[in-house]
Amino acid sequence: MNAAEELKKALPDAVTKIGMQCNKPEATVKKEDLLDAAAKAQELGFDQLSVITGVDYEDRVEVIYNLFSYENKHNLVLKVILDHDNPEVDSLTTLWKGADWLERETYDLVGIKFTGHPNLTRILLPEGWNGHPLRKDYDMETEQFVTIGEDGDDVVSTDGSNLLRRK
Amino acid sequence: MEKGGFRVDSVTIDTTKIKPVRKTPETAIEKLEDTGLISTLLAAREREGSILFSTIDQVFNWARLSSLWPVTSGLACCAIEMMGVAMAHHDIARFGMEIFRASPRQADLMFVAGTVTKRMAPRVKQLYEMMPDPKWVISVGSCANTGGPYHDSYSVLKGVDNIIPVDVYIPGCPPRPEAWLYGIIQLREKIKNEGYGATWGLDK
């Protein structure tokens, strides 16, 4: 019995579907029950949260959590399916401290809101950037530029006249 | 106008058939004229004292190209090749360039080595503006030249020449140290031909 089946046995209501993804057991979880399922997975020995991935599909947004157990050398993939227009899911920072920056990155690039996150700000792009670039509806036409403001902060604008050379 | 039996019309004359013949210098005085030294001396006589500057250009150029100090700045993987160029095997100390200055105030040359992201671009520009004149820029690698594989990206500048003037572009991803050395030699050639002395033919 692999980890996804154990999770399904422990929480039959929360886990909607189990399967394999890239030879790793995968469990699709209801988004309301993500915290319970993740806590159960941690009880099963999955002590590391390796990666959080956000995927933007046409009709939904998926968040994929890759868990790893150092003791048993096992993998587990948790997946939640979110609403496309308003993707929102519970933060896992209470269970794994390392989820902090991973969730900030997913918020920055895919635009998924993690409720309960202590500091949900952009991590790669500067504050004030318009849009989340890895979403399919991101506006690639308007180019955004970064300049340094008077107090040393990054200032985002579509006007690059301070930065670009006059030709 | 009739002249010598055939007609010369200054309007309909075919100028493409007239080829200016450049006389190859043969005698000693012609060779001297070809160097531009006489015109330099004549110009110097008109403007007193400028003969000193016109010849000292070569000295300045020689001094500048022999001690190009780059600023220590690397943006991405091209900077690893920059370390390779600086190390013993490829050794840019042969060009007097081994002193990578940690401060742009003491540097003459900037290698833009790597991807210039939108967020890094104002910093790169500030670094360039902090360098004292005369200063030169070598853009290294596909990313710094044109944006490279990130040309369609939202966060990468499409060529560093959008923000600062570039003297030499070195293609490659990343360029091998031999390509760096070739680019450095090209920049030295460029510096050698700068100034009034070069335009007057004194660099021959």
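**Figure 1. A salt bridge between Glu143(A) and Lys118(B) spans the two chains.** In this predicted model, the closest N and O atoms of Glu143(A) and Lys118(B) are 3.6 Å apart. A salt bridge is counted where a side-chain nitrogen of Lys or Arg lies within 4 Å of a carboxyl oxygen of Asp or Glu. Across the interface of chain B and chain A, four salt bridges are found by this rule. The side of chain B that touches chain A is made up of seven nonpolar, three polar and seven charged residues; here Ala, Val, Leu, Ile, Met, Phe, Trp, Tyr, Cys and Pro count as nonpolar, Asp, Glu, Lys and Arg as charged, and the others, Gly among them, as polar. Residues are numbered from 1 along each chain as its sequence is written, and chains are lettered from A and ligands numbered from 1 in the order in which they are written. Because the model is predicted, local features need pLDDT of at least 70 and side-chain atom pairs count only at pLDDT 80 or more, while totals for chains, interfaces and linings use all residues; side-chain values use heavy atoms, with hydrogens and water left out.

**Figure 2. The interface of chain B and chain A buries about 1,500 Å².** Buried area is the accessible area (1.4 Å probe) that two parts lose on being put together, summed over both. Carbon and sulfur atoms give 58% of the area buried between the chains. In chain B, the residues that lose the most area to chain A are Lys118(B), Arg119(B) and Tyr154(B), together 44% of what that side buries. The contact, defined by heavy atoms within 4.5 Å, involves 21 residues from chain A and 17 residues from chain B.

**Figure 3. Helix α5(B) has buried residues on one side.** Helices (H or I, at least four residues) and strands (E, at least two) are DSSP runs, numbered from the N terminus. The buried residues of α5(B) are Ala121(B), Pro122(B), Val124(B), Lys125(B) and Tyr128(B), where buried means under 20% relative accessible area, exposed over 50% and partly exposed in between (1.4 Å probe, protein chains only). Around the axis they cover an arc of only 160°, which puts them on the same side of α5(B); the arc is that of the directions from the helix axis to the C-beta atoms. These buried residues pack against β3 and β4 of chain B together with β8 (145-148) of chain A.

**Figure 4. Helix α4(B) and the loop residue Gly114(B) share a contact through Cys78(B).** Within α4 (residues 78-86) of chain B, the residues Cys78(B), Ala79(B), Met82(B) and Val85(B) are buried. They line one face of the helix, since their directions fall within an arc of 100° when seen down the axis of α4(B). Their packing partners in chain B are β3 (109-113), β4 (136-140), α6 (141-146) and α7 (177-192). Gly114(B), in the loop between β3 and α5 (121-130) of chain B, is buried at a relative accessible area of 3%. Leaving aside residues up to four places away in sequence, Gly114(B) touches Leu75(B), Ala76(B), Cys78(B), Val140(B), Cys143(B) and Ala144(B).

**Figure 5. Two cis peptide bonds precede prolines in loops of chain B.** The bond from Asp133(B) to Pro134(B) is cis, with omega near -5°, and Pro134(B) is placed in the loop between α5 and β4. The bond from Cys173(B) to Pro174(B) is also cis, with omega near -15°. Pro174(B) belongs to the loop between β5 (168-170) and α7 of chain B.

**Figure 6. Buried salt-bridge partners occur in chain A.** Glu62(A) and Lys79(A) meet through their side chains at 3.5 Å, N to O. Glu62(A) lies in strand β4 (residues 60-69) and Lys79(A) in strand β5 (residues 74-83) of chain A, so the pair ties together parts that are 17 residues apart in sequence. Glu62(A) has a relative accessible area of 4% and Lys79(A) one of 12%. Both belong to a network of salt bridges that also links Glu26(A), Asp59(A) and Arg60(A). Elsewhere in chain A, Arg122(A) and Asp108(A) form a salt bridge with their closest N and O atoms 2.6 Å apart. Arg122(A) is buried at 10% relative accessibility, and Asp108(A) is buried at 0%.
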